[in-house]
Amino acid sequence: EEDLALVERGELGLEDLQEQETRPVVAVVGRPNVGKSSLVNRVLGRREAVVEDVPGVTRDRVAYDAEWSGRRFTVVDTGGWEVDATGIHLRVAEQAEVAVELADVVVFVVDATVGATDTDEQVVRLLRRSGKPVVLAANKVDNQAQEAEAAMLWSLGLGQPWPVSALHGRGSGDVLDAVLAVLPERSSVIGAYPRGGPRRVALLGRPNVGKSSLLNKLAGTERVVVDNVAGTTRDPVDELIELGGKTWRFVDTAGIRRRVHQTRGADFYASLRTQAALEKAEVAVVLIDVSESIAEQDIRVIQQVVDSGRALVVGYNKWDMMDEERQYYLEREIERELVQITWAPRVNISATTGRAVHKLVPALETALDSWDRRIPTGRLNAFLGEVVAGHPHPVRSGKQPRILFATQASTRPPKFVIFASGFIEAGYRRFLERRLREQFGFEGSPIEISVRVRE
Ligand code: GDP
């Protein structure tokens with residue numbers, strides 16, 4: 001919001017805004033107490049700017065703005081979460097995994113005075129699998145005499161260990177230089193740590209459902225076109241549109257306004273374009289033409305949104321053509337075809353008359369709130385404890401898996417990890433998801449539950 005005001009006053013160019021959105025991400029991972037946070041503070045100097053401070057019992061990841069040698073990037077600190085005494089290895093790996101997935105470069109911090117531990121080895125395997133560039137920081141090397149200890153960490157097979165003393169600052173410049181050497185110009189994980197710019201919306205649906213009409217209705221004449229990358233085949237165009245007192249970024253609108261030629265393979269290209277728009281978006285509005293039956297193609301677009309993990313609002317368009325009989329059949333079709341997204345907010349609109357179009361913004365906000373939502377670990381486990389006590393997993397061949405612990409590993413969309421003592425049946429997982437939604441809502445957002453079996 002503030003950034004946009006700056007853009008409008010000419011104090012911040014659109015290029016700057018884009019630079020912010022594509023700023024590369026550096027994740028700092030490692031065991032608790034190896035000095036990750038001290039190193040992050042060292043990198044930041046005093047000018048700390050929290051990008052995303054996640055509230056809750058466990059502070060899983062915190063992102064900051066950072067700058068070194070004229071390069072700007074986001075630093076993600078994975079330190080500061082409470083260590084579960086019985087599950088330390090798993091939890092470290094879990095947190096590291098998410099942070100690594102959302103990073104362009106990883107700084108792996110090892111305590112040189114302790115040397116490589118089993119947990120460190122475990123993280124190394126994960127880092128290798130990720131294929132991301134890794135800079136190995138051998139921390140707590142407070143003086144030259146200790147540098148031999150850092151050299152021992154060559155054994156991890158991650159290349160040169162950079163001796164550093166996060167506490168005194170010794171060597172931290174070298175670590176940063178090593179990071180810059182492998183840091184890409186633009187992030188490949190755009191949107192993982194948003195810069196507080198306008199929320200990004202994809203307007204989707206099969207041809208003729210009314211996307212272009214709705215976009216025109218919403219944008220009126222005051223549309224601002226950004227991102228006009230001329231000469232590329234995809235030619236993405238984003239538009240900044242003011243709705244409900246806020247600016248929204250409608251992504252990839254070129255294909256909506258300019259009719260794409262309907263030729264052979266059009267379906268394939270349509271789905272590719274949908275995918276491209278989803279990559280850039282945080283929330284999708286899928287339009288359905290109520291004057292026709294819900295089609296295979298409508299379901300496919302919705303499925304793409306769910307699979308991409310984006311928030312979802314469904315717009316039933318051309319409602320001005322609705323009559324009693326058609327509505328009867330439509331409701332049956334929705335019950336039959338769209339049961340898997342009963343959680344998505346629904347708005348019955350008319351792009352041509354403008355009917356209920358103002359209801360889109362609250363629906364988008366609800367969906368995005370859910371998408372961003374984090375349930376504190378304490379609340380989550382208290383709730384799960386009750387659910388499981390009232391309705392335990394069925395006994396199979398004399399065995400009954402127990403739910404040990406759960407945590408929300410990430411947001412956007414919310415992802416939960418449940419640790420169990422044995423295999424959890426699909427039916428029971430669905431039951432847990434249903435209860436989770438009943439308790440916490442998540443209207444408009446897909447949620448994901450994965451189970452880790454611990455012997
Ligand atoms: P797109 O291919 O999804 O962008 O669809 P368009 O916006 O081009 O609309 C396809 C056709 O449906 C056009 O003839 C529009 O005038 C018509 N249309 C779009 N929205 C509505 C609506 O709400 N009511 C009615 N009656 N017609 C609509």
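## Exercises on a predicted model

Lysine 318 counts as buried, with 23 C-beta neighbours inside 10 Å. The model is predicted, and the exercises below concern its backbone, its sheet and its ligand shell.

**Exercise 1.** Classify lysine 318 and asparagine 208 as buried, partly exposed or exposed, and describe the backbone at each residue.

*Solution.*
- Step 1. Locate lysine 318: this residue lies in the loop between strand S13 (311–317) and helix H12 (324–337).
- Step 2. Apply the cut-off: a residue is buried if 20 or more other C-beta atoms lie within 10 Å of its own. Lysine 318 has 23 such neighbours and is therefore buried.
- Step 3. Locate asparagine 208: its place is the loop between strand S8 (199–204) and H8.
- Step 4. Count again: asparagine 208 has 14 C-beta neighbours inside 10 Å, so this residue counts as partly exposed.
- Step 5. Read the backbone: phi is near 65 degrees at lysine 318, a positive value in a residue other than glycine. For asparagine 208, phi is near 75 degrees, again positive in a residue other than glycine.

**Exercise 2.** Describe the sheet that contains S15, S16 and S17, and the loop between S15 and S16.

*Solution.*
- Step 1. Establish the order: the 3 strands form an open sheet, S15-S16-S17, with mixed pairing.
- Step 2. Identify the edges: strand S15 (403–410) and strand S17 (448–453) each pair on one side only.
- Step 3. Add the twist, which averages 25 degrees from one strand to the next.
- Step 4. Recall the principle: strands of a sheet pair through backbone hydrogen bonds, either parallel or antiparallel.
- Step 5. Assign the sense: S15 and strand S16 (residues 415–420) pair in the antiparallel sense over 6 bridges. Alanine 406 has isoleucine 418, in S16, as its bridge partner.
- Step 6. Examine the loop: proline 413 is placed between S15 and S16. The peptide bond leading from arginine 412 to proline 413 is cis, and its omega is near 0 degrees.

**Exercise 3.** Characterise the shell around the ligand by its nearest residues, its main contributing helix and its residue classes.

*Solution.*
- Step 1. Find the nearest residues: of the 16 residues around the ligand, Gly210, Lys211, Ser212, Ser213 and Ala351 come nearest.
- Step 2. Find the main contributor: helix H8 (residues 211–219) gives the most to the shell, with 3 residues.
- Step 3. Sort by class: the shell holds 8 polar, 5 nonpolar and 3 charged residues.

**Exercise 4.** State how many helices and strands the protein chain has, and what percentage of its residues is buried.

*Solution.*
- Step 1. Count the elements: there are 15 helices and 17 strands.
- Step 2. Give the burial: 37% of the 455 residues are buried.

Conventions
Residues numbered from 1 in each chain as written. Predicted model: local features only at pLDDT ≥ 70, side-chain atom pairs only at ≥ 80, totals over all residues. Near = placed C-beta within 6 Å. Helix = DSSP H or I, 4+ residues; strand = E, 2+ residues; numbered from the N terminus. Nonpolar A, V, L, I, M, F, W, Y, C, P; charged D, E, K, R; others polar. Pairing = 2+ DSSP bridges. Axes fitted to C-alpha atoms, helices over the stretch in contact; angles between N-to-C directions. Buried ≥ 20, exposed ≤ 12 C-beta atoms within 10 Å, placed from the backbone.
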